[in-house]
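Let's take a look at how the parts of this protein meet, and at what sits around its ligand. Have the picture open as you read.

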Amino acid sequence: MAASQTINRQWLLKTRPSGMVSQDNFEYAECAIPEPDLQSGQVLLQNLYLSFDPAMRGWMDDEPSYLPPVQIGEVMRASSVAKVIRSDNRSWPEGSLVQGMFGWQDYAVAGPNDLVPPTAVAEGIPPTTVLSVFGGSSLTAYFGMMDVGRPQPGETVLVSGAAGAVGSVVVQLAKLKGCRVIAIAGTDEKCQWLKDECGADEAINYKTRNIHQCLSELCPSGVDIFFDNVGGETLEQAIEHMADFGRIVLCGQISEYNAEQPQPGPANLKYLITRRIKMQGFIMLDYLDRVEEAAGKLGEWVMSGKIKYREDIQEGFDQIPATLERLFQGENKGKQLLAL
Ligand SMILES: NC(=O)c1ccc[n+]([C@@H]2O[C@H](COP(=O)([O-])OP(=O)(O)OC[C@H]3O[C@@H](n4cnc5c(N)ncnc54)[C@H](OP(=O)(O)O)[C@@H]3O)[C@@H](O)[C@H]2O)c1
């Protein structure tokens, strides 16, 4: 099978952002389509769909983390689904689809010795769902909620960033576990979707309503589990309303990813002591040996309609940097993807 173009378009990291990420941090480039070393098991891939994840902002900083920073001049790292164009590797035959971190480019070479080797996409699965409801966001929701949050029937669960890829699955997992769920999101439309489709009992638009006041009214007995995707003021306000022996699941802090200076922590951590609250961070990658378990359960719930999801699919290679900005402006409705 031949590549359909002769040029490989790429978006490279040009500068590290100071504050809000912008399109100016990236530089467009073209190069020849790379040649795989077929003898060592490498394959040539053509990207079909790119995934956009808040963590990408962190990869742009020159700071050690669970993955190395993207270097200046390198292709921007991103998860994607791609089609195998050239292969001698039986695990990834020509024409099959694979998932991996193939970056902001049309074509990539990948192989078994990569930091994150490609994984085959099962036949019959819509390719976008591999990045959305069957992707890392849902696994994050599953392990964060089930392992760290440990919901019990009848408990009150509060979820921030609730309309997003991770948050919307967390809301539905908590409902499946018999909890009362209060969701926080940034538009009325997202709040309505959370109630109508995801089964949230209450939804708070944090841009038009006061979280503290709402929680006083909605949770007089306190919050048992707070699943936090946002950090900052939202975390501080939630701590105020935690019940005795509550659990706070620190999943993400998107409100702070673009801050120019380190942000002050919550001023009310004393409640963790007096109310015996447990607060724990986690990284989904630590659970890779249990992906089969989570994927099996999530698959069952999605197929039976118990877990709903939505995908926000932008289009066009030129729109790639702007699509990353959508996450930090709250423009994405569901999992942010881009079709190439
Ligand atoms: N620990 C892990 O292993 C792991 C893995 C994956 C993701 N995460 C974290 O999970 C969180 C959600 O990720 P996702 O992929 O599901 O993204 P997402 O929620 O689909 O998209 C980001 C959403 O965050 C909200 N947001 C943006 N800026 C905000 C701000 N300043 N204050 C409050 N809300 C803001 C926006 O929604 P609104 O309209 O509601 O503002 C936006 O739509 C992120 O913090 C991410 O880093 C953690």
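## Where the two domains meet

In this predicted model, five residue pairs, both partners at pLDDT 80 or more, are in polar contact across the interface of domain 1 and domain 2. On the side of domain 1 that touches domain 2, you'll find seven nonpolar, six polar and five charged residues.

There's one salt bridge across this interface too. Its partners are Arg310 and Glu189, whose closest N and O atoms are 2.9 Å apart. That pair counts as a salt bridge because the cut-off is 4 Å between a side-chain nitrogen of Lys or Arg and a carboxyl oxygen of Asp or Glu.

## The domains themselves

So what belongs to which domain? Going by the domain assignment, domain 1 takes in 7–129 + 309–339, while domain 2 covers 136–285. Try finding both centres, taken over C-alpha atoms: they're 29 Å apart.

## Sizing up the interface

People often describe how big an interface is by the accessible area that gets lost when the parts come together. Here, domain 1 and domain 2 bury about 1,300 Å² between them, and 56% of that is on carbon and sulfur atoms. In terms of residues, 18 from domain 1 are in contact with 13 from domain 2.

## Around the ligand

Which residues come nearest to the ligand? Out of the 24 around it, they're Val166, Lys190, Tyr206, Tyr257 and Asn332.

Now zoom in on the ligand's oxygen atoms. A polar side-chain atom of Asn332 sits 2.5 Å from one such oxygen. The backbone joins in as well: a polar backbone atom of Ala165 is 2.9 Å from an oxygen atom of the ligand, and a backbone N or O atom of Asn229 is 2.9 Å from a ligand oxygen. On its own, the ligand has 920 Å² of accessible area, and the protein covers 88% of it.

Key:
Residues are numbered from 1 along each chain as its sequence is written. This is a predicted model: local features need pLDDT of at least 70, side-chain atom pairs count only at pLDDT 80 or more; totals for chains, interfaces and linings use all residues. Side-chain values use heavy atoms; hydrogens and water are left out. Domain bounds come from an automatic or database domain assignment. Contact means heavy atoms within 4.5 Å. Buried area is the accessible area (1.4 Å probe) that two parts lose on being put together, summed over both. A polar contact is a pair of N or O atoms within 3.5 Å; within protein, one must be able to donate a hydrogen and the other to accept it, and residues adjacent in sequence count only if both atoms are side-chain atoms. Ala, Val, Leu, Ile, Met, Phe, Trp, Tyr, Cys and Pro count as nonpolar, Asp, Glu, Lys and Arg as charged, and the others, Gly among them, as polar. A residue is near a molecule or strand if one of its heavy atoms lies within 4 Å of it. Accessible areas come from the Shrake-Rupley method with a 1.4 Å probe; for residues, only the protein chains shown count as cover.
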